[in-house]
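Hi,

Here is the structure I promised to send over. Have a look at it first, and my notes on what turned up follow below.

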Amino acid sequence: MPDADVIIVGGGLSGLSAAYKLASIGRNVILFERGEYPGSKNVTGGRMYLHAIKKLLNIPVEQMPFERFVTREVVTIMDEFRSFSIELNSYEKGKYQSATVLRAIFDKWFASLAEEKGASIITKTKVDDLYLEDGKVKGVIVANEKITSNIVLVSEGVNSFLPLKLGLRKEFEANYLVTSAKAVIELGEEEIDKRFNLKKGQGMAQIFVGMTKGVTGGGFLYTNRETISIGVVCLLESLVKNKTSIADIFEDFIYHPVLEKILEGGRMLEYSGHLIPVKGYSMIPKLVYDGLLISGDAAGFFLENGPIFRGMDFAIESGSLAAEAIEKALKEGDYSEKKLSIYLDLLNNSFVLKDLKRYKNVPKVMQNERLYKLYPSIINEIFYDFFTVDGTTKPSLISYLKNKTFKHINPIVILKDIVQFLLYS
Amino acid sequence: MKSLGSIKRISLDERLGLTSFNSDNESHIEVDNERCLLCKTKACLYVCPTKVYYLKDNKIYFNYQACLETGGCIVACHKLGNKGITWKYPKGGFGVIFKYG
């Protein structure tokens, strides 16, 4: 007899979703988390799109430990001295799509739900390796001891070391990943309501571009209940190419004049960082093996589409679908790759792989370096000149573009970028 | 409402002081400076949010206790550098402990 029906590696949203679901139907589940508690190694920008967690848990989202429900979306295009913003405010009551969240708090709560259902969550324990018999996964190795199960779910997060060791994925390239630097800054609940024009419980999500010194990346600001989450994300490859440190980009960003009054008087509580898999569909590993499944960030399930960043809804749904596939396999006592491939069918029929396929070319658009310095500065210049009234008569639009904008960039390049955007978005 | 102090420039060291760690006596990072000496990009210097790696007298030094465990250094080093870094997660229960995340 194995030690458990299922071993889950990693207590993030994906592993916890699977543990919750399998424990709910009475399966013997052991989840290993290397951190002090589930959530202690986890970071989001961030906000969660709520559809997946709503489907999994039969609890109103208002009763989950979210920070604020997002009603205000802002995109800010910056250069050194100016900023230009687009914003969407939604005043329809009770129609929330997303909420801001702090993962150390949320995941800890979610883990307690899974434990109530009967899952064993073992913290401060790192899984060093998979345990194989006759080439089939039969458990894990923890502190030189084997712990056996019929099936192992790997939801160990973005670094995805176990699938690499087993040969299920290739080594990451430096343009597969962005890294981030983030701070949580305390401002107080009423102060946040006032500064961001929000009613109690409502939140704002703001994305910034043009403040990364030409490095492929951007900034973010999310309002939590009493704090704000602020930070930067940058492509590894681009940081090295530009010889610019993510730590310095972070520092210059939070002291940019655009943020001066917003952050005034704030008290920093924590500095954090995390990797994000941004290559989309093309970086997904082989997801199923004899006795093993992969879900969440470990499977590369992440989508970046302009100002929209989604990893957590994919993590929850893929963990949940992995649990469904595992339950079917356990019922039939067949843990082969062939049987477990039901997981692939479930993913293909869900938004997880449908969306990742739909947006598979978006990384090509997002990794165009002109988006991060040249275009932001041009946009700011155009609007600054448009709003300028100083007693001189302005030239016609076409001669303005010819004499100013097209000095920075050939219009054919702009056209090419627009065509690429239309084709790949 | 409680009073809020004025915001001042906060250095990386001060920022790091705000994050909780349970540091192991043993390092989870190793650096082979023979390889680093031949490394043209020094990729590790740019990708770490806490600047765990730093260059002094042409050698790479590192402060493993400041590691936020992103794992970015290993990809940057192995793909753009000269594979001088060996990096694995700290032992279970050790390393960074995010309180907010």
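First, a definition for the helix pairs: angles under 35 degrees count as roughly parallel, over 145 as roughly antiparallel, 65 to 115 as roughly perpendicular and the rest as oblique. Some housekeeping too: this is a predicted model, with local features needing pLDDT of at least 70, side-chain atom pairs counting only at pLDDT 80 or more, and totals for chains, interfaces and linings using all residues. Residues are numbered from 1 along each chain as its sequence is written, chains are lettered from A and ligands numbered from 1 in the order in which they are written, and side-chain values use heavy atoms, leaving out hydrogens and water.

**Helix pairs in chain A**

Helices (H or I, at least four residues) and strands (E, at least two) are DSSP runs, numbered from the N terminus. Axes are lines fitted to C-alpha atoms, for helices over the stretch in contact, and angles run from 0 to 180 degrees between N-to-C directions.

Take H14(A) (residues 374–387) and H15(A) (residues 397–408): their axes come within 10 Å and cross at roughly 155 degrees. These two helices are therefore roughly antiparallel, and H14(A) passes H15(A) in a right-handed crossing (near helix turned clockwise from the far one by less than a right angle; anticlockwise would be left-handed). On the H14(A) side, A:Leu374, A:Ile378, A:Glu381, A:Ile382 and A:Asp385 meet A:Tyr400, A:Lys404, A:Thr405 and A:His408 of H15(A), contact being heavy atoms within 4.5 Å. That contact splits into 4 nonpolar, 2 polar and 3 charged residues. For the classes, Ala, Val, Leu, Ile, Met, Phe, Trp, Tyr, Cys and Pro are nonpolar, Asp, Glu, Lys and Arg charged, and the others, Gly among them, polar.

H1(A) (residues 13–24) and H3(A) (residues 103–116) have axes that come within 9 Å and cross at roughly 15 degrees, so they are roughly parallel. Their crossing is left-handed. Among the residues making the contact are A:Leu16 and A:Tyr20 of H1(A) and A:Phe106 and A:Phe110 of H3(A); by class it has 10 nonpolar, 1 polar and 2 charged residues.

H9(A) (residues 312–332) and H12(A) (residues 351–358) pack at about 140 degrees with axes 9 Å apart, which makes H9(A) oblique to H12(A).

**Pockets and cavities**

On a 1 Å grid over the protein atoms alone, a cavity is a set of points where a 1.4 Å probe fits but cannot get out, and a pocket is an open set with protein on both sides within 12 Å along at least five of seven lines; lining residues have an atom within 4 Å of a point. Grid points are joined across faces, edges and corners, and a volume is the space filled by probe spheres set on the points.

The second largest pocket comes to about 510 Å³. Its lining has 23 residues, with A:Arg47, A:Tyr49, A:Glu73, A:Leu88 and A:Gln97 closest to the centre. E4(A) gives the most, with 6 residues, and the whole lining divides into 11 nonpolar, 5 polar and 7 charged.

How many cavities of 30 Å³ or more does a search of the whole structure find? It finds 5, and the largest has a volume of about 100 Å³. Of its 15 lining residues, B:Cys48, B:Cys67, B:Thr70, B:Gly71 and B:Cys73 lie nearest the centre. The lining has 10 nonpolar, 4 polar and 1 charged residues.

**Chain B**

Chain B has 4 helices and 6 strands, running α-β-β-α-α-β-β-α-β-β from the N terminus.

Cheers
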